[in-house]
Structure formats: structure tokens, C-alpha cells
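Please open the model in your viewer and keep the selection tool at hand. The stops below proceed one selection at a time.

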Amino acid sequence: MSDTPTAADAGTFDLDGETTVNRMGFGAMRLCGEDIVGAPDDEETAREVARAAVDHGVDFVDTADSYGPGTSERLLREAGVVDDAVVATKAGLLREAGGDWLPHGDPDYIRNQVLVSKDRLGVDTIDLYQFHRPDPDTPFADSVAAFAELKDEGHVDHVGLSNVSVEQLDEAREQVEIATVQNQYNVANREDEAVLQACEDAGIGFVPWFPLAAGDLGAVGDELDAVADAHDATPRQVALAWLLGHSDVTLPIPGTSSVDHLRENVAAAGLSLSDAEIDRLTAAGE
Ligand SMILES: NC(=O)c1ccc[n+]([C@@H]2O[C@H](COP(=O)([O-])OP(=O)(O)OC[C@H]3O[C@@H](n4cnc5c(N)ncnc54)[C@H](OP(=O)(O)O)[C@@H]3O)[C@@H](O)[C@H]2O)c1
């Protein structure tokens, strides 16, 4: 690895022909308290982590209204991150104190939440507004229509989807331009390979959430260890480098509440795996 890699070493992804982001991003969900409900014990450290991401070249930060709820967006604003990064937030999930995540794709709710998120982030326009998860009780097209309207009305610059199938992506693209899709995906969990492929075909950014499987990449653990040893890197860094090397449209957003872990994760942007190593890891995760 180069001496001081930054997120820029991951290369860039072009969201719309005008806006490019460094492909190594940051997931701000883990800035919240336990079960992603409420504030963390140490808010100052949470702000330091967010600030450290930007200081290490990250200019693509993922959050959601439901992280806290509200806490993650608030901390990003307080950390001064919002002006220095494309902030991708989401709507479509309710929370309750026990930690459950409840799909709520009601169009009126989405329209309400965009105003809440704009105020909390302190922006006139949300850079990237993602539909967090299809709601079985609301027609998918109705929810997507709300996002399309918000883009038309100038509340949001780009629309993204999350936790969708290829069919849902195709359906949504008939209503509005989709900039990104965010699904669970990592070297050990490739259930959504077809969604990634669809994004590649359409030039849409694919944001793999749970990129480190919170450290539990057991199925490919031995292979990760071997490649990590060869590069004097950590297995987590190899898992992130694999995501970057496996496809040109991936935008990993590793989440952490620790400045040290943030540095380690961003440094993976400077780790270049050989085609043989990528193939070996790809095969191990299948
Ligand atoms: N769209 C969705 O439905 C959805 C769902 C879940 C998450 N997300 C987004 O995706 C982002 C990433 O997912 P994620 O945070 O769930 O999972 P992740 O990035 O795979 O893993 C995060 C976990 O791994 C630990 N970790 C991170 N870097 C580490 C390191 N270098 N060494 C040791 N431990 C490390 C973190 O603990 P520490 O805090 O101790 O570092 C945290 O518990 C989230 O932050 C969120 O923005 C989206």
C-alpha cells in the first residue's frame, strides 16, 4: 500500500455526468447509540469520526432519517461534514425505542421526511435521497413517485433505491432516473450479484451495505487472511479492496464509530489486488 492512502486512491464514480465522488465512502449509521437508537455515549467522538472521514478524502457519506432517528443526520451537520461531502440520506423506515425497523413508504410520509432531513442537515437540496426499503403495505410505484416528485420540485438532486430487486429497479427507472442502489453485499454474501450486474449495465452506482459483514466474513476468512498477509494489510482492508476491484460501480460505505477503524478502512483504498487475488476471493465467496 502507498504510505498515506486517502479515499481518492479508490478512484471516482460519476453520479450524473457532473458530480463525481471518491469510491471509498463512509456509512454514518454506527455514529448512533446502541441498536442505532438515540445518541452515542460520546457524541464528541462520533463527530470526530465523521470529520476524520472527510479529512481522509471521503466525499460520499451515507446516512438515513431513521438512524437514531435523526441522530446520525444531526451529528453529520454538527461535524461540519455536509458542505464537504455528497450526503446520501434515506427515508422509508420508522423506528421504535426497542430498535425495530418498520417499513413506511407512504408518499405523504416521504414528502414530510424530506423537509425534516433538509432542516436537520441544514441544506436547501438533498444530494442523494434514497428509498430505504420497499413497503409491502404501499404500492412500490406510489413510493417511488414521491421521490420522483421531490426531484422534480428541486428538494433532492439525485434519487437512489435500497434493498430492491432487479425488477423493482427496472420499475423505478420507468418513473425517475436512479443514481444509486444500496443493497446488502460483501465478499461473503453475493445474493444480489444480479442487482450489481444490472447497475453495471446501466452505469448506476452500487452501494454495498454491510461491506465488512461487521467483521464476520467467516466463509472467506482463510482466503482473506492469506491475501492480507501478502499485502501487509488486514482482512477487512482486503474485503473492501475486493469490493472496489470486483466492479467499477461499487461505492463501499464501511461503518464505524472509531477513528482508528475509519483510518484502517479508508486506507484500503490504496490496496490494489491482482486479478488473480480478486478471482480467488470471488471464487471463495460463491
Ligand atoms: N440500506 C440499508 O438497509 C442499510 C442497512 C445497514 C447499514 N446501512 C449503511 O451501510 C453502512 C455500513 O454497514 P454496517 O455499518 O452495518 O456494516 P459494516 O460496515 O460491514 O461493519 C460495521 C461494523 O464493523 C465494525 N468495524 C468497522 N471497521 C472496523 C475495523 N477496521 N476494525 C474492526 N471493526 C470494524 C464496526 O465497529 P466499530 O464501530 O467498533 O468500528 C461496526 O460494528 C452503515 O453505516 C449504513 O450507513 C444501510
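At what angle do the axes of helix H8 and helix H10 cross? This is a predicted model, and in it the axes of H8 (residues 235-246) and H10 (residues 275-284) come within 10 Å and cross at roughly 105°. H8 is therefore roughly perpendicular to H10. To display the contact, select Trp242, Gly245 and His246 of H8 together with Ile278, Leu281 and Thr282 of H10. These contact residues comprise three nonpolar, three polar and no charged.

**The nonpolar core**

Next, select Ala50, Val58, Val61, Leu76, Val181 and Ala239, which touch the most other members of the largest nonpolar core, a set of 84 residues. H8 reappears at this stop, giving the most to this core with seven residues. In soluble globular proteins, nonpolar side chains tend to be buried together. Centre the view on Val181: leaving aside residues up to four places away in sequence, Val181 touches Gly160, Leu161, Val164, Leu169, Val195, Cys199, Ile204, Phe206 and Val207.

**The ligand shell**

Now select the ligand and its surroundings. Of the 26 residues around the ligand, Gly27, Met29, Leu212, Gly255 and Thr256 come nearest. Helix H9 (residues 259-267) supplies the largest share of this shell, three residues. By class, the shell residues divide into 10 nonpolar, 12 polar and four charged.

**Backbone details**

Proceed to the loop between strand E4 (60-62) and helix H2 (71-78), where Pro69 is placed. The peptide bond from Gly68 to Pro69 is cis, with omega near -15°.

Then select Phe210, in the loop between strand E11 (205-209) and helix H7 (221-231). Phe210 is not a glycine, yet has a positive phi of about 60°. Phe210 counts as partly exposed because it has 17 C-beta neighbours inside 10 Å.

Asp232, in the loop between H7 and H8, also merits selection. Asp232 has a positive phi of about 55° although it is not a glycine. Is Asp232 buried or exposed? With 9 other C-beta atoms within 10 Å, Asp232 is exposed.

**A residue of helix H4**

Finally, select Ala145, found in helix H4 (residues 140-152). Ala145 has 16 C-beta neighbours inside 10 Å and so counts as partly exposed. Apart from residues up to four places away in sequence, Ala145 touches Pro107 and Gln175. A distance label drawn between the C-alpha atoms of Ala145 and Arg190 should span 29 Å, the two residues being 45 residues apart along the chain.

Key. Residues numbered from 1 in each chain as written. Predicted model: local features only at pLDDT ≥ 70, side-chain atom pairs only at ≥ 80, totals over all residues. Near = placed C-beta within 6 Å. Helix = DSSP H or I, 4+ residues; strand = E, 2+ residues; numbered from the N terminus. Nonpolar A, V, L, I, M, F, W, Y, C, P; charged D, E, K, R; others polar. Axes fitted to C-alpha atoms, helices over the stretch in contact; angles between N-to-C directions. Parallel < 35°, antiparallel > 145°, perpendicular 65-115°, else oblique. Contact = placed C-beta atoms within 7 Å. Core = buried A, V, L, I, M, F, W, Y, C linked by C-beta atoms within 7 Å. Buried ≥ 20, exposed ≤ 12 C-beta atoms within 10 Å, placed from the backbone.
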